[in-house]
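Trainee: I've got a model open and I'd like to learn how to read it. Could you walk me through it?

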Amino acid sequence: MEYKSGFVSIVGRPNVGKSTLMNNMVGEKIAIMSDKPQTTRNTIQAVYTDDQAQIVFLDTPGIHKPKNKLGQMMVKSAEESFKNVDCILFVVDDSDKIGKGDSMIIENLRKAKVPVFLVINKVDKIANKEEIFDLIKMYDQEGLFKEIIPVSALKGSNVDSLIKAIKQTLDLGPKYFPDYMVTDQPERVLVAELIREKVLQYTNDEVPHGIAIEIEKMKARKDKDIVDVSAVIYCERNSHKGIIIGKNGRKLKGIGKSAREEIEFLLDTRVNLQLWVKVKENWRNMTNFITDFGLNENRD
């Protein structure tokens, strides 16, 4: 049987559900999820493989107007993903009009030399299904999209139709990754991202996205089935440090417990997780500090 393969970039504004969609398509949690915008900072590769095709998805940071060097690098990373792919998924939400952010992305996508699919996400929130047809008609007038597919990434609704459409677009090609491989991200990166996700979840809107995670140690014990992980949570203000730690350290303990459970599932072993919180003021405008965390513009 002829086999197909290719690379597919997932782009869109912050907080439209790109990471949730990618996780659903590959069937595993690869990218962290949060209801806060700009959760994804790097372009992350995730691999979908079956007996017909292999699709390498690139989950990109949300395209937005950057306010610091980190934001500039995130947007550049997303826009670079337009190149050297076989097709693009432009993800929007259930908004009833095309906003400035979406219009900007659409104009950039007009320069793309590959098919562009529009994915209308969060349709499970739309009670009147006629509104879905109105959204499709509104976007279809742009004259850009090969196909418009409504989905619910959270519920998994119509995701199989999206994958089928992608397969039909791809050319014949080899498997780029083994069947068992679902991401190119090193375990240390995945562990750091899981910790960051829990910080975002536990601090709600109290702490902005000025946090970064450094894995200082990650080593399996020789005599026991356990991995020791030591990590530092960096924030930009002393007030944020207090919020992350919480009264009597309760919030940090909650973050650690939730992160440890998911890390144990990821690594398939027991984990001893130690967390510390440190302040690094204005780190999002420090190029060297950003690069140390792998958040640089040269990363694919």
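**Reading the fold**

Mentor: Sure. The protein chain has 9 helices and 9 strands; helices (H or I, at least four residues) and strands (E, at least two) are DSSP runs, numbered from the N terminus. Keep in mind that this is a predicted model, where local features need pLDDT of at least 70 and side-chain atom pairs count only at pLDDT 80 or more, while totals for chains, interfaces and linings use all residues. Residues are numbered from 1 along each chain as its sequence is written, and side-chain values use heavy atoms, with hydrogens and water left out.

Trainee: What percentage of the residues of the protein chain count as buried?

Mentor: Buried means under 20% relative accessible area, exposed over 50%, partly exposed in between (1.4 Å probe, protein chains only). Here 53% of the 300 residues count as buried. The chain exposes about 15100 Å², and carbon and sulfur atoms supply 46% of that; such areas come from the Shrake-Rupley method with a 1.4 Å probe, and for residues, only the protein chains shown count as cover.

Trainee: And the contacts?

Mentor: Contact means heavy atoms within 4.5 Å. Take the contacts in the protein chain with a separation of 6 or more: residues 24 or more positions apart account for 71% of them.

Trainee: Now the sheets. In what order do the 6 strands of the open sheet come?

Mentor: Two strands pair if DSSP finds at least two bridges between them. The order is β2-β3-β1-β4-β5-β6, with mixed pairing. At the edges you'll find β2 and β6, each pairing on one side only. From one strand to the next, the twist averages 25°; axes are lines fitted to C-alpha atoms, for helices over the stretch in contact, and angles run from 0 to 180 degrees between N-to-C directions.

Trainee: In which sense do β2 and β3 pair?

Mentor: Antiparallel: β2 and β3 (residues 53-59) are linked by 6 bridges, and a hairpin of 3 residues joins them. One bridge pair to click on is T49 with Q54 in β3. As for β2 (residues 44-49), 5 of its 6 residues are buried, so that strand is largely enclosed by the rest of the structure. Compare β5 (residues 116-120) and β6, which pair in the parallel sense over 4 bridges; there V119 stands opposite I149 in β6.

Trainee: Which helices sit on that sheet?

Mentor: Helix α3 (residues 100-109) packs on the sheet, touching β1 (4-12), β4 (87-92) and β5, and its direction makes about 170° with that of β4. Then α5 lies across β1, β2, β3, β4, β5 and β6, running at about 110° to β3.

Trainee: What about the sheet of 3 strands: which ones stand at the edges?

Mentor: The order in that open sheet is β7-β8-β9, again with mixed pairing. Since β7 (212-220) and β9 (270-279) each have a single partner strand, they stand at the edges, so one side of each is left without a neighbour in the sheet. The twist here averages 15° from one strand to the next. β7 pairs with β8 (residues 226-235) in the antiparallel sense over 8 bridges, and I215 has A231 in β8 as its bridge partner. Helix α6 (residues 187-203) lies across β7, β8 and β9 at about 130° to β7, while α7 (residues 238-245) lies across β8 and β9 at about 155° to β9.

Trainee: How do I read a pair of packed helices?

Mentor: Two packed helices are described by the angle between their axes and the distance between the axes. Try α1 (residues 18-26) and α5 (residues 159-169): they pack at about 80°, with axes 10 Å apart. That makes α1 roughly perpendicular to α5 (angles under 35 degrees count as roughly parallel, over 145 as roughly antiparallel, 65 to 115 as roughly perpendicular and the rest as oblique). L21, N24 and M25 in α1 meet V159, L162 and I163 in α5.

Trainee: Is F145 buried or exposed?

Mentor: F145 is buried, with a relative accessible area of 11%, and lies in the loop between α4 (130-140) and β6 (147-150). Leaving aside neighbours within four places in sequence, F145 is in contact with residues including F90, I106 and Y139.
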